[in-house]
Amino acid sequence: LSSLRDTTLVDASVPDDAPVAEATRVISAVEVPAIAVVDRNRKVVGLFTSDSLLRSLFPAYLDEMEHTAFLEGVLHELEPNPQRSAARPVRELMEAPETIDLDADLSHVAARFLHSPQAALAVVDEGRFVGMLGQVEFCRTILRDAGM
Amino acid sequence: VETLAAVLFLAALALIALEFVHRTKVALVGAGLMVLAGVLTEDEAIEAVDWSTLGLLVGMMILVGLTERTGVFTYLALRVAQLSNGQPGRLVFLLALVTGVLSAFLDNLTAILLVVPITLLLADLLRISPIPLVLVEVLASNIGGTATLIGDPPNILIGTHVEELGFIDFIVNLAPVSFVVLLLASTYLYFLFRGELRSDPERAAEIARLDAAADMRGKPYVGRSIAILLGTIVGFFLHGPLHVEPAVVALSGATLLLLVAADDIEAALERVEWATIFFFVGLFVMVGGLEQQGLIDEVAEFLADLTNDSRTAEMFVILWGAAAGSALVDNIPFTAAMIPVVDTLQGDDFDDGRWWALALGACYGGNATMIAAAANVAAAGVLDRSGTPISFVRFLLVGVPVTLISLVVASVYLLLFQI
């Protein structure tokens, strides 16, 4: 294994104007914790993650609070709002794009994972999205290649 | 060079007001250009920085930031909200009071970032719109912050610049008028919003179910943090008799807290808002440039001519002018520029009346528009991210009448007690 060209990438992306419902279907069907949000030219403009999904379902102010233990008694009242969430465009909820070049060497990929808040990176070739790479899959491929 | 200094400062004010670029970048670029263009020398630029202001800001950021970790402010806000029994009308007055008091003794930006998310939750539980309650809090934070030397950035600038004015002077001269303004503004806002503040009595019970103390249980250093914060506030009251600057009090409290209640110094110092500190540094250098070029003296002479050297007229021009300037730009750069003007106007005879006029005008002017004070911008940001944005015009329609009420009360106060 010498580059990401030898790994299995997951083709998981949605256009930036897609609704959350579509992004939820895509992220649920794949084994990576984030999918790419792409523009018309397949450029990665963000990542849709399980955090994005959670934030779309529950009140956004939960994210603004430093303390939340006091909510215990009333959590049942803060109902998720699936209808409103499903219709929102993913661009309102996506995280910053975390990308890596298809030809990056493996130590560079490892460093990107260690410094990224996400456990999956969008792999790009000449600026265009080619697939998602999960951290676990990346490590598993290296171990498998070493016969372990 | 004089014209260049004026153009650079006015351009910086415009860019800060329009928010195209972060205000800290604007201030630092403006300061750098002034030094490069020879408006002031490097030594003059360093001398222009008011290190007492920076010390007070850094000390308070560490103190408040570390104490906030303990959950005590959340506890306080929730307990006060629970006193409303879930009645939105009562909630207006209680939230105004708690935000006003927290703003006076912490700072208004911290108070807003703390109470607004809690208010969004309360409004959600009561199934009412959060916007009226958040507007009440923003306006109360600027009014409450006016009451003390540490409550609002304009007061910090004035209090650290004018040696004769101590913490107690601010309380004695500004707290009573701010209390009256807070009461009148809350009453006005209550009548303005009462149609939007009807809630189902069953929903009200949910507020009582919040476990206010939950976040404090099991947290380390709760007692020490509260004791040191309270001790620092007592220190502010005593800084005059002890002949110690407020900055020294704040930094001593912060150092003590770092010693006994911070395991990770790096994480503790992350509580310092460096963008704000560097904004002040850039601003001090720019104002220093205006002073070096004699522009401040020219503005002071213009004001003296305009008011025919009448002290009363000067005070009213400072009050209403500072409010208008703060509303249009941002009350921090406006106050920083006005301080040397007021210095020149008072000459060799110390006159606290002019300083109270500036403090009242700059702080109350911060309520007129969404961009006039940092607390307003922060609250609008939280509302926006929470899916309940407030428009510039809606803020204006509420903020301007409250500002006018505040300025009329301040004018009466100046007439009765300062002239």
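This section describes the chain A fold, the nonpolar cores, the salt bridges and a nonpolar surface patch of a predicted model.

Chain A contains five helices and six strands. Read from the N terminus, these elements follow the order β-α-β-β-α-α-β-α-β-β-α. The C-alpha trace of chain A extends over about 50 × 35 × 25 Å along its principal axes. Of the 148 residues in chain A, 41% are buried. The accessible surface of this chain amounts to about 7900 Å², and carbon and sulfur atoms account for 51% of that area. Among the contacts in chain A that connect residues at least 6 apart in sequence, 56% are between residues at least 24 apart.

In soluble globular proteins, nonpolar side chains tend to be buried together. In the present model, the largest nonpolar core comprises 159 residues. The members that touch the most other members are Phe70(A), Met34(B), Leu56(B), Leu121(B), Ile158(B), Leu358(B) and Leu360(B). The largest contribution to this core, 13 residues, comes from helix α7 (residues 108-126) of chain B. The surroundings of Phe70(A) include residues of both chains: when neighbours within four places in sequence are set aside, Phe70(A) is in contact with Met65(A) and with several residues of chain B, among them Thr74(B), Leu78(B), Ile118(B), Leu121(B) and Leu210(B). Further contacts of Phe70(A) include Asp211(B), Ala212(B), Ala214(B) and Asp215(B). A second core, separate from the largest one, consists of 22 residues, including Ala18(A), Ala23(A), Val38(A) and Phe48(A).

Side chains of opposite charge can pair when their charged atoms come close. Over all chains, 18 salt bridges were counted. One of these joins Arg5(A) to Asp103(A), with the closest N and O atoms 2.8 Å apart. Arg5(A) is located in the segment before β1 (13-15) of chain A, whereas Asp103(A) belongs to the loop between β4 (99-101) and α4 (106-115); the pair therefore ties together parts that are 98 residues apart in sequence. Arg5(A) is partly exposed, at 47% relative accessible area, and Asp103(A) is also partly exposed, at 46%.

Another salt bridge forms between the side chains of Glu137(A) and Arg140(A), with an N to O distance of 2.6 Å. Both residues lie in helix α5 (residues 135-145) of chain A, and because they are three residues apart, about one helical turn separates them. Glu137(A) has a relative accessible area of 19% and is therefore buried, while Arg140(A), at 41%, is partly exposed.

In chain B, the side chains of Arg354(B) and Glu314(B) form a salt bridge at 2.7 Å, N to O. This pair links distant parts of the chain, 40 residues apart: Arg354(B) is in helix α19 (residues 352-365) and Glu314(B) in helix α17 (residues 311-328). Arg354(B) and Glu314(B) are both buried. Through salt bridges that share partners, these two residues are joined with Arg311(B) and Asp351(B) in one network.

A nonpolar patch of about 840 Å² is found on the surface of chain B, formed by Trp320(B), Val400(B), Leu404(B), Val408(B), Val412(B), Leu415(B), Leu416(B), Phe417(B) and Ile419(B). Helix α21 (residues 392-418) of chain B supplies the most to this patch, namely seven residues. Ile419(B) is situated in the segment after α21. With a relative accessible area of 45%, Ile419(B) is classed as partly exposed.

Conventions: Residues are numbered from 1 along each chain as its sequence is written. Chains are lettered from A and ligands numbered from 1 in the order in which they are written. This is a predicted model: local features need pLDDT of at least 70, side-chain atom pairs count only at pLDDT 80 or more; totals for chains, interfaces and linings use all residues. Side-chain values use heavy atoms; hydrogens and water are left out. Patches are made of residues with over 30% relative accessible area and no salt bridge: like charges are joined within 9 Å, nonpolar side chains (Val, Leu, Ile, Met, Phe, Trp, Tyr) within 5 Å. Accessible areas come from the Shrake-Rupley method with a 1.4 Å probe; for residues, only the protein chains shown count as cover. A salt bridge is a side-chain nitrogen of Lys or Arg within 4 Å of a carboxyl oxygen of Asp or Glu. Helices (H or I, at least four residues) and strands (E, at least two) are DSSP runs, numbered from the N terminus. Buried means under 20% relative accessible area, exposed over 50%, partly exposed in between (1.4 Å probe, protein chains only). A nonpolar core is a set of buried Ala, Val, Leu, Ile, Met, Phe, Trp, Tyr and Cys residues joined through side-chain atoms within 4.5 Å. Contact means heavy atoms within 4.5 Å.
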